[in-house]
Amino acid sequence: MAWRIWINWRRIIIPNNIDLSLLTPILKKYQFEEGTLIPMLQDTQQVYGYLPEQVLARLSRDAKIPLSRIYAVVTFYAQFHLAPRGKNTVRVCRGTACHVRGSGSILKTLSQTLGINEGETTNDLQFSLETVACLGTCFLAPVMMLNRSYYGRLDPQKARTVVESYARSEKES
Ligand code: FES
């Protein structure tokens, strides 16, 4: 069972069966010491896959860190996620080199293929679609990443084929 809500015009799926007891070992490990907020959040995200609102509220209460401070950190660093993420992440580069070589149409095609917009996750939690400023491989523009693999010199059809074949192989495995 899950809730579907909208945040900043993005559809977010929030599971309602979050086990807050998973936070206990993390709180014990860091002993509420000053300067441990970022590693504590990293560990928390590793456990839950993202940083659920209920978990952050409990963290704030038990570690005695103001919730506003936690949100300031979480929303500042791109590594933290406030919504559940897909098992697989597709990152489309929107840097200048990729943009001039058509990354916009690649993003549009992948958005249609997956049925989600940039920043969203599919209902089955298989894929998240993101954009990044530069993947550091401009010579391959336009580029995308699927998890840790790079795919370069793409066009919309190639990008769609990569994602569709990956989704098929995931289903078969
Ligand atoms: S601009 Fe796309 S990889 Fe650098």
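Visitor: At what angle do helix H6 (residues 103–114) and helix H7 (residues 156–172) pack?
Guide: This is a predicted model, in which local features need pLDDT of at least 70 and side-chain atom pairs count only at pLDDT 80 or more, while totals for chains, interfaces and linings use all residues. Residues are numbered from 1 along each chain as its sequence is written. Helices (H or I, at least four residues) and strands (E, at least two) are DSSP runs, numbered from the N terminus. With their axes (lines fitted to C-alpha atoms, for helices over the stretch in contact, with angles from 0 to 180 degrees between N-to-C directions) lying 9 Å apart, H6 and H7 pack at an angle of about 35 degrees.

Visitor: Which residues of H7 do those of H6 meet?
Guide: Contact requires C-beta atoms, placed from the backbone, within 7 Å of each other. On the H6 side the residues are Ser105, Ile106, Thr109, Leu110, Thr113 and Leu114, and in H7 they meet Pro156, Ala159, Arg160, Val163 and Glu164.

Visitor: Which strands form the edges of the open sheet?
Guide: The sheet has four strands in the order E4-E3-E5-E6, with mixed pairing (at least two DSSP bridges between two strands). Pairing on one side only marks the edge strands, which are E4 (127–132) and E6 (149–151).

Visitor: What is the bridge partner of Asn88 in E4?
Guide: Strand E3 (residues 88–93) runs parallel to E4, and six bridges join the two. The partner of Asn88 in E4 is Phe127.

Visitor: What angle does the direction of H6 make with that of E3?
Guide: H6 packs on the sheet, where H6 touches E3, E4 and strand E5 (144–146). H7, by contrast, lies across E3, E5 and E6 and runs at about 5 degrees to E5. For H6 and E3, the angle between directions is about 155 degrees.

Definitions and conventions. Contact = placed C-beta atoms within 7 Å.
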